[in-house]
Amino acid sequence: MVSGGRKVAIVGMGGAFPDCKDLSTFKQKLFNGDSLIRSWDQPIAHEKNIRSTVSGYITEEEMGLEAIYSTILPGYPETYIDHLGRIPDSNLSTADIGSIWSMLGTQEAIKMAGWSTLETESEQTGVVIGSGGAGNTILRPAWHNFFELKRKSRLAGSHTVDRTMTYRDSANVSCLIKNRGVCESIGSACATGLGNIGYAYRLIKFGLQDRIIAGGVEGTSIETFAGFDAMQVLSKGFAPAQSSRPFDMNRNGFVCSFGCGIVALEAYDIAKARGANILAVIDNYHNNSDGDGNMFFPSFSGQKRLWKGLMNDVHIKPDVVKVHGTSTPVGDAIELLSVVDVMGDKDYQIAAPKSQFGHMLGGAGAVELITALMMLEKQQVLPCLNAEQLNPELEGFQKSADWEGPKQPLAAYRHLLSPQTLDKEINQIVCLNYGFGGTNSAMAISRDH
Amino acid sequence: MERQEIIDGLVEILKTVRTIDQTKLVNITEETDFIADLNTPSTEMINIAAKTEQKFDVEFEDDDIDDLGSKVKDIVDLIIRTKEKG
């Protein structure tokens with residue numbers, strides 16, 4: 001039972017987004033109903049050794065960055081150059097690509113928040129950013145040098161640890177902005193992005209910090225992509241823009257994508273007192289575990305308990321539910337039915353932004369929270385692309401004797417998903433994300449009234 | 001190999017080490033201290049050593065790297081000493 005605490009506001013945002021040069025391009029393309037998913041030359045180069053070839057990837061060039069490769073170790077990105085002069089060289093030298101995106105997103109979020117240097121460098125300012133995977137693009141050539149080529153460990157230099165450690169994104173951001181408060185990372189697979197923001201929310205709510213840079217990131221990595229490809233869980237056989245198709249009958253997997261979402265959180269009263277532009281107020285955050293011992297399979301009862309926890313002592317009546325909606329066969333069905341079981345089938349809309357940019361893994365929850373902030377601002381619901389036909393038959397698990405959820409097929413809830421951007425009065429949005437290991441997370445945000 | 005030739009080669013290496021303030025890479029002498037004068041992070045010394053091995057086609061002993069001083073002359077001496085060992 002959790003109650004009380006301080007109100008928390010979101011006052012800034014930033015990040016890195018596929019096929020977009022900045023936040024405003026991202027917003028424009030999303031509300032145009034565009035897809036940010038493209039054919040990717042990196043998996044294509046592996047020909048028949050890889051199944052999926054589409055991704056919402058981000059190149060170094062698109063971010064104004066350039067990798068400088070080692071003259072000693074083949075394929076080892078020794079450091080990066082920022083051609084736009086945003087990040088000092090010394091900070092770039094300790095960062096992998098995801099950490100650089102985190103630093104860029106942080107600069108943008110702090111600028112939007114309007115925090116002074118004194119506020120940013122305060123003991124009351126924290127950094128909580130996480131990533132789903134390791135620093136794979138750094139580790140692969142470093143390990144190859146040592147284990148396969150049998151060469152000295154020192155040839156990889158002294159930055160394989162700082163550029164690949166679990167909390168590298170937070171560490172690099174903290175060294176850049178020089179905050180004196182908390183610096184750590186939460187990991188919860190594909191719920192990482194929302195999990196870090198939820199944890200940051202709690203730190204402010206309970207008075208441990210006044211402001212926090214929080215978010216999630218997944219740096220472009222063919223190594224990460226190959227891991228999921230091996231599991232046979234990635235979308236295959238569709239044109240890029242049609243590949244991510246949450247809730248559609250013919251969906252056959254998610255699109256493995258990459259990106260970064262950073263938000264600036266601040267104690268509401270402090271933000272209000274300094275006249276900050278409040279992008280949203282966080283009404284509540286709740287997370288739990290399925291408790292069924294299953295690493296991968298989603299849990300209807302776990303998601304129902306998630307909603308119950310979110311609604312505990314808090315007024316939750318969202319106009320939009322931003323779902324996890326990955327485009328996987330079982331995940332989407334369980335999620336839609338759990339949402340309907342709690343929310344009924346009218347007076348709200350479902351937004352599934354992964355239909356536009358795929359699944360950014362550790363970045364997903366944070367980038368999708370940013371899409372929710374944009375929906376609040378624009379008073380428009382993002383579409384669910386490619387949900388052409390929902391299953392008119394009952395799902396297999398709905399026919400089981402112990403199924404306690406809705407008894408209608410997914411097609412009965414077609415009206416909750418719009419194929420186009422939709423105008424709507426939006427006062428509250430619930431954001432949902434789940435991850436391997438049976439972790440579930442939910443956050444409700446509202447317009448500041 | 002002349003000592004100045006080695007120093008010039010070291011400066012070329014230092015230009016690729018991005019944690020070092022590049023404006024300080026003028027008038028590098030044998031007495032220049034990587035850490036005290038160039039503010040080189042101590043963790044960066046191993047990068048410099050590895051790049052030095054490649055550039056001058058030598059392979060240092062681990063103990064020699066452990067005992068390496070932080071002045072330019074220390075690494076110049078080590079290069080010459082290692083080359084002499086063959």
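Me: Helices (H or I, at least four residues) and strands (E, at least two) are DSSP runs, numbered from the N terminus. Between which strands of chain A is the loop that holds A:Asn427?

Reply: This is a predicted model, with local features at pLDDT of at least 70, side-chain atom pairs at 80 or more, and totals for chains, interfaces and linings over all residues. Residues count from 1 along each chain as its sequence is written, while chains are lettered from A and ligands numbered from 1 as written. A:Asn427 belongs to a loop of chain A, between strand 14 (422-423) and strand 15 (428-435).

Me: Does A:Asn427 count as buried, exposed or partly exposed?

Reply: Count the C-beta atoms, placed from the backbone, inside 10 Å: 20 or more others make a residue buried, 12 or fewer exposed, and numbers in between partly exposed. A:Asn427 has 13 such neighbours, so the class is partly exposed.

Me: Which residues does A:Asn427 contact beyond its sequence neighbours?

Reply: Contact is scored when two C-beta atoms, placed from the backbone, lie within 7 Å. Neighbours within four places in sequence are set aside for A:Asn427. What remains is A:Asp319, A:Ser446 and A:Arg447.

Me: How far is the C-alpha atom of A:Asn427 from that of A:Asp448?

Reply: Along the chain, A:Asn427 and A:Asp448 are 21 residues apart. In space, the separation of their C-alpha atoms is 8.7 Å.

Me: How many helices and strands does chain A have?

Reply: The loop of A:Asn427 follows strand 14 and precedes strand 15 of chain A. The full count for this chain is 14 helices and 16 strands.

Me: What radius of gyration does chain A have?

Reply: The value is taken over C-alpha atoms, and the globule rule is 2.2 Å times the number of residues to the power 0.38. Chain A has 449 residues, so a compact globule would come near 22 Å. The model agrees with that, at 21 Å.

Me: What does the C-alpha trace of chain A span?

Reply: The spans run along the principal axes of the chain. For chain A they are about 60 × 60 × 40 Å.

Me: What share of the residues of chain A count as buried?

Reply: A:Asn427 is partly exposed, with its 13 neighbours. Of the 449 residues of chain A, the buried share is 55%.

Me: What share of the contacts in chain A joins residues 24 or more positions apart?

Reply: The tally takes contacts with a separation of 6 or more. Within it, residues 24 or more positions apart account for 79%.

Me: How many residues does each chain bring to the contact of chain B with chain A?

Reply: Both chains contribute residues to this contact. Chain B brings 10 residues and chain A brings 11.
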